[in-house]
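I opened the model to look up how a few of its helices are packed, and I kept notes as I went along.

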Amino acid sequence: FPLFLAFAVSPDWSAVLWTAALFILVELITSNVIEPWLYGSRTGVSPLAIIVAAIFWTWIWGPLGLVLSTPMTVCLVVLGRHIPQFAVFDILFGDRPVLAPHSRLYQRLLAGDVAESSYRATADLEDTYLADFHRDVTLPALLLAQSDHARAAMSPAQETAFAATVVNFLDTLEPAISEELDEIEEDGEALAGQGQHLLCLGGRSALDDAAAAAFAQAARAEGAEVQVLPHDSLTLARFADVTRSGAKCVVINFLDPAPARGAILHLRRIKRAAPQMRVGVVLWRAPEALEPTMPMSAPTAETKAEILATGADFCVSTVDEALAEAFREVEPVALPA
């Protein structure tokens, strides 16, 4: 109608052309920029999905398809979000990430992609502390690796390569420690680990060594002096490295929720050789919010009680508990007879 009106009232073609240009410009901006941004931010649909749906349904049904494309896409996303059989539509059109952060980190580390892993981690560390990042992302990713290892989906060579990749990834996060310490110092806050000397050990595998390295980073970010040794330091040939470390507290890390008793008994050897040391065990578990999606079960109370009865000074499962116990100024627990 505006084109016919411009044709009727104008003595030349200029009004018709300007009217047509105005409609084309407004339609291009609103359909390709404003509407995808507005609808995508309100409905949980990605802007790209809005554009693709508009093109597809316009090609199928013409102008009617253009009008119905956004409502139909939103309906498909809502169906996929609440009905498992339609989950593919939420993955294709939704704006939520397909993988959780810990699953994405595990995938990238398994592929040996340290660059992208550290890039994403650095972005996350702008809004969170290093200990919280390891609690919510790094350690759950290692638990996924432990699950694959337990069901023989990860070969020994893959396990070794994955553990080495994790260590390289953690090395790229070292600058975050000094940044956090400087920030805490500027705020005048006290460091929980100031003056503490810890020794972090892997329990029985290269994956446990990686977990020990992650926990050591979290402890260093609290101001503690931390040394990390691999699990083979518990062998007779290298056992002196443990007792000569001079640490106040030794933390043995296990990703397996029910480690073999032979691996647990190493703590008795440490306490006999160095009775002045506190020796604790960490059976790592995922945060409660992630546990329903994790393939491995959490450590049981019976397992923890058995470890404590063996002579451990503490047996915990989370980063916060492990840091609190490792920094406690108490006398070591005497070995039971």
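Entry one, helix 15. I began with the side of this helix that faces out, bearing in mind that the model is predicted, and I found that Ala301, Glu302 and Ala309 are exposed there. On the other side of helix 15, which spans residues 301–310, I listed Thr303, Lys304, Ile307 and Thr310 as the buried residues. Looking down the axis of helix 15, I noted that these buried residues fall within an arc of 115°, so they line one face of the helix. I recalled that an α-helix has 3.6 residues a turn, so residues three or four places apart point the same way. I then looked up what the buried residues of helix 15 pack against, and found helix 13 (261–264), helix 14 (266–273), strand 4 (278–283) and strand 5 (314–316). Just after helix 15, I noted a positive phi of about 125° at Gly311.

Entry two, helix 14. Here I listed Leu267, Arg268, Ile270 and Lys271 as buried, and, seen down the axis of helix 14, they fall within an arc of 160°, so they too line one face of their helix. Their cover includes strand 1 (197–202), helix 12 (239–243), strand 3 (249–254), helix 13, strand 4 and helix 15.

Entry three, helices 11 and 16. I found that helix 11 (residues 206–220) packs with helix 16 (residues 319–326) at an angle of about 65°, their axes being 11 Å apart, and that the crossing is right-handed. Phe215, Ala218 and Ala219 of helix 11 meet Val319, Ala322 and Leu323 of helix 16, a contact that I recorded by class as 6 nonpolar, no polar and no charged residues.

Note on methods. Residues numbered from 1 in each chain as written. Predicted model: local features only at pLDDT ≥ 70, side-chain atom pairs only at ≥ 80, totals over all residues. Heavy atoms only, no water. Buried < 20%, exposed > 50% of the residue type's maximum accessible area, 1.4 Å probe, protein only. Helix = DSSP H or I, 4+ residues; strand = E, 2+ residues; numbered from the N terminus. Arc of directions from axis to C-beta. Contact = heavy atoms within 4.5 Å. Axes fitted to C-alpha atoms, helices over the stretch in contact; angles between N-to-C directions. Left-handed = near helix turned anticlockwise from the far one by under 90°. Nonpolar A, V, L, I, M, F, W, Y, C, P; charged D, E, K, R; others polar.
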